[in-house]
Amino acid sequence: MNKVKTYLLLLGLTAMAAAAFAQAGGGLDADAILERVDRNMFSENRIVESSMTVHGRRGSRTMTMRTYSVGDRQSFTEYLSPPREAGTKMLKLEDRLWIYSPSTDRIIQISGHMLRQSVMGSDLSYEDMMEDRKLTDVYDAELVGEETVDGRAAHVLHLKARVADVAYDVRRIWIDAERYAPLREELFAKSGQLLKRTEFSEVKKIEGRWFPTVVLFKDMLKQGDGTEFRMTDIKFDQDIPDHIFSKASLR
Amino acid sequence: MIRFLIKGLIRDRSRSLLPVIVVTAGVMLTVAMHAYIKGFMGDSIELNAKFSYGHVKVMTRAYAEEADLIPNDLALVGTAALKEELAEKFPGMVWAPRIRFAGLVDVPDEQGETRAQGPAMGLGLDLLSGDSREIERLDLGRAVVRGSLPEVRGQALLSEVFSRRLNIEPGDSFTLIASDMGGGLAMRNFEVAGTLSFGVEIMDRGTIILDIEDARLALNMADAAGEILGFLPGSFYDDAEARKTADVFNAAYAGDSDEFAPVMKSLSGQGTLGTYVQFADVWANYISLVFVGVMGLVLWNAGLLGGLRRYGEVGVRLAMGEEKGHVYGAMIVESVFIGIAGSVIGTALGLFIAGVIQKYGINIEGLMEGASLMFPTVIRTRITPVSYYIGFIPGLAATVIGTALSGIGIFKRQTARLFKELET
């Protein structure tokens, strides 16, 4: 009789834990939450006009750019201003990256350790720029809690890379519990060192997706107030000609 | 009495010639060795001063805090005015603005696309203004292996090993990719004017040298420089003088709280160089002390033997009724003269040898192949104020002490035994 009581108690506790877990994820598990984030953030293709403001110790400077991207395989960025950067173009095809600068009239392939360098003095590296695979393709997720970020309820996910060729081994990501858009992210090295912190804001509904239009990147190993990335115009699922993603379009 | 003793020494060379020669040789070696040690230790410091640290260096306070990271976004601006201010405040010192940078050298193929690429450590120096001594300071003329030094803007020097690795020749062009002063992407084409070999692996691995105005243009650093190196008058680092200069300069900016205000650091105040300067100074003194001690023992023994050699003469003088104290005193005075004569001649010879090596140096390039340390390939001596008197310590003191010890026997001699000796 005592044994039956013990089994019933254990069964009850397990059921309560499962219910609490399901409630914490709004009825979704960690993978399902991440899946919904990917659905918001990733598209077949997109054209984005944006400005990037680098807040340095001596002041801030802003660049504007237009980016065309197809999935996580192809992207093409042209810098539009200021004059010193205008005309600089970057082309990413699979895991290769080329840069063209009008002042040198050269197409240069960026590889190796250079990929870890900052892009235009920002808090983003070329590696960050190239890393835009779906989170569900790269990470195993675990729901680790619920918090409030800027007044919005958020799920906190712990992501651990399951592939080797990834810039950050561990991510901690705060997901808006209602809109499934990222609100905050912390990126860690294998050693556990916090490398970057990202704040997402001004989440807008664009073509049926909740999308953060302002992103503040902060390289934690660098002084300064971070880099603000503001998307001024986003168009999803556009008809982008193939020739854009060729080296010929760099010149 | 003294004149009598001096005449005796000069006329009776058997009493003075050998001791003077021994003292001269010992003193000469001491002086030359001291100058060699000082020069040897000092040359490594000078090499570091010329390439990286200066005798003093002016930077912004923010740059100085992270100097190892070469943060050109924190560089000095308005360097022309600052250089004038420095020249006015510290006449006699030479000032050299420099830009250090890290970058990537990219070599194009026929289509202008990347053929070879390698990381480089860059140095922007005043090569073309005509009134700079940087080429001479870094001995760039001697270091050229192929091609020549830059003659016009847009030309660069690459280290020989690096150019071989990238398969690039003088006359070929390449693109430098780096971060500009605002942190942005800097890309600029250059032509290889020549290749250099420093004989130091750390520099031969991937060095690129540009004229400072080219570096300013490439890195968006108009009238700016990461650092202004200052060199004291004369060829050698003087830590006390460098610190005094830095203190005077920094006192003028003590009330300025701007993190981009200039700050001056002496060579010993930068990185680990302070420890090395102290180490070099202590070791140079320590090695000199040991050598002086050894030389002292040799000359002390020479004095001792000289005294004992005159055993018979002392006996005769005592037998003739000369006072023991007088004989003893006369021998001490004679040894003083021998010590002075040997020390003066030895110091003069030692200084001459040291002076020649200081001017022309001893080339040890052959021994330095494959060296990965920043080490001089030509060793030079260094004559310091100490060089003028250090030889007198073993030369005079040891000779006199040796004679004094050997002379103690005079007081122990018994007159009766003396007569017996004379009979035989």
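Two strands pair if DSSP finds at least two bridges between them. Helices (H or I, at least four residues) and strands (E, at least two) are DSSP runs, numbered from the N terminus. This is a predicted model, where local features need pLDDT of at least 70, side-chain atom pairs count only at pLDDT 80 or more, and totals for chains, interfaces and linings use all residues. Residues are numbered from 1 along each chain as its sequence is written, chains are lettered from A and ligands numbered from 1 in the order in which they are written, and side-chain values use heavy atoms, with hydrogens and water left out.

**Exercise 1.** Find the residue that stands opposite Lys57(B) in S12(B).

*Solution.* Start with the strands: S1 (residues 56-60) of chain B runs antiparallel to S12(B), with 5 bridges. Now look across from Lys57(B), and you land on Lys265(B). As for the setting, 4 of the 5 residues of S12 (residues 262-266) of chain B are buried (under 20% relative accessible area, 1.4 Å probe, protein chains only), so this strand is largely enclosed by the rest of the structure.

**Exercise 2.** Work out which residues of H12(B) meet H13(B).

*Solution.* First, pick out H12 (residues 311-319) and H13 (residues 324-360), both of chain B. Next, check contact, meaning heavy atoms within 4.5 Å. Val314(B), Arg317(B) and Leu318(B) from H12(B) touch Lys324(B), Val327(B), Ala330(B) and Met331(B) of H13(B).

**Exercise 3.** Place Gly329(B) and say how far its C-alpha is from that of Ala404(B).

*Solution.* Gly329(B) sits in helix H13 of chain B. Then take the C-alpha distance to Ala404(B): 9.0 Å, though 75 residues separate the two in sequence.

How values were computed. Axes fitted to C-alpha atoms, helices over the stretch in contact; angles between N-to-C directions. Buried < 20%, exposed > 50% of the residue type's maximum accessible area, 1.4 Å probe, protein only.
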